[in-house]
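Work through the exercises below with the sequence and the model side by side, and try each task before reading its solution.

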Amino acid sequence: SDLNSDPIFLNFMTTSRHLKIKIMAIYHACKKVLAPSIRANIDYLCIYKITNDKLLNDIYDEFFSMFPDFKNYSSFKKWYYEKIFMTKHNFIFFKLFNS
């Protein structure tokens with residue numbers, strides 16, 4: 001079934017925070033996979049090394065564009081490459097919201 005339109009899944013994902021449930025969802029990319037109501041309820045984001053500029057731009061549009069630290073995609077991309085490619089860990093674990 002399509003996760004974007006399954007009412008039981010959508011209800012579970014958008015109310016799990018109130019139920020004190022932690023859910024880990026792993027996706028190659030979130031664009032057009034998770035409904036906006038689900039993406040809005042994500043607390044943490046783990047991003048592995050991405051070299052595809054289109055995919056990185058999609059991640060910026062979906063999550064990081066809401067942060068005032070990143071005035072545009074270029075400022076996010078610069079920060080991302082400094083954090084990801086200049087470290088030995090090859091990923092970023094980012095807290096999106098204070099919950």
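## Exercise 1: two neighbouring tyrosines

Y81 is partly exposed, with a relative accessible area of 25%, where buried means under 20% relative accessible area, exposed over 50% and partly exposed in between (1.4 Å probe, protein chains only). The model is predicted, so local features need pLDDT of at least 70 and side-chain atom pairs count only at pLDDT 80 or more, while totals for chains, interfaces and linings use all residues. Residues are numbered from 1 along each chain as its sequence is written, and side-chain values use heavy atoms, with hydrogens and water left out.

Task: State whether Y80 is buried or exposed, and describe the aromatic pair that Y80 and Y81 form.

Solution. Begin with accessibility: Y80 has a relative accessible area of 0% and is therefore buried. Next, recall that a pair of aromatic rings is described by the distance of the centres and the angle of the planes. Rings of Phe, Tyr and Trp (its six-membered ring) pair if their centres lie within 6.5 Å, and planes under 30 degrees apart count as stacked, over 60 as edge-to-face and the rest as tilted. The structure holds 13 aromatic pairs. In one of them, the ring centres of F70 and F76 are 5.4 Å apart and the planes stand at 90°, so this pair is edge-to-face; both F70 and F76 are buried. The pair of Y80 and Y81 is edge-to-face too, with 5.4 Å from centre to centre and 80° between the planes. Finally, ring pairs link a cluster that includes Y60, F70, F76, W79, Y80 and Y81.

## Exercise 2: how two helices meet

Task: Find the angle at which the axes of helix 3 and helix 4 cross, and say which residues make the contact.

Solution. First place the elements: the chain has 4 helices and 2 strands, in the order α-α-β-α-α-β along the sequence. Helices (H or I, at least four residues) and strands (E, at least two) are DSSP runs, numbered from the N terminus. The axes of helix 3 (residues 53-62) and helix 4 (residues 73-84) come within 10 Å and cross at roughly 110°. That makes helix 3 roughly perpendicular to helix 4, a label for angles of 65 to 115 degrees, whereas those under 35 count as roughly parallel, over 145 as roughly antiparallel and the rest as oblique. Helix 3 contributes D53, L56, N57 and Y60 to the contact, and helix 4 contributes Y73, F76, K77, Y80 and Y81; contact means heavy atoms within 4.5 Å.

## Exercise 3: the surroundings of helix 3

Task: Name the residue that caps the N-terminal end of helix 3, and say which elements the buried residues of helix 3 pack against.

Solution. The cap is N52, which has a side-chain oxygen 2.9 Å from the backbone nitrogen of K54. Within helix 3, the residues L55, L56, D58, I59, Y60 and E62 are buried. The buried residues of this helix pack against helix 2 (36-39), strand 1 (44-48) and helix 4.

## Exercise 4: loops and distant partners

Task: Locate T51 and H89, and determine which residues T51 touches, not counting residues up to four places away in sequence.

Solution. T51 sits in the loop between strand 1 and helix 3 and is exposed, with a relative accessible area of 64%. Leaving out residues up to four places away in sequence, T51 touches Y81 and F85. The C-alpha atoms of T51 and Y81 are 9.5 Å apart, although the two are 30 residues apart in sequence. H89, in turn, belongs to the loop between helix 4 and strand 2 (91-95), and at 48% relative accessible area H89 is partly exposed. H89 and K49 are 40 residues apart along the chain, with 9.2 Å between their C-alpha atoms.

Conventions: Axes are lines fitted to C-alpha atoms, for helices over the stretch in contact, and angles run from 0 to 180 degrees between N-to-C directions. A polar contact is a pair of N or O atoms within 3.5 Å; within protein, one must be able to donate a hydrogen and the other to accept it, and residues adjacent in sequence count only if both atoms are side-chain atoms.
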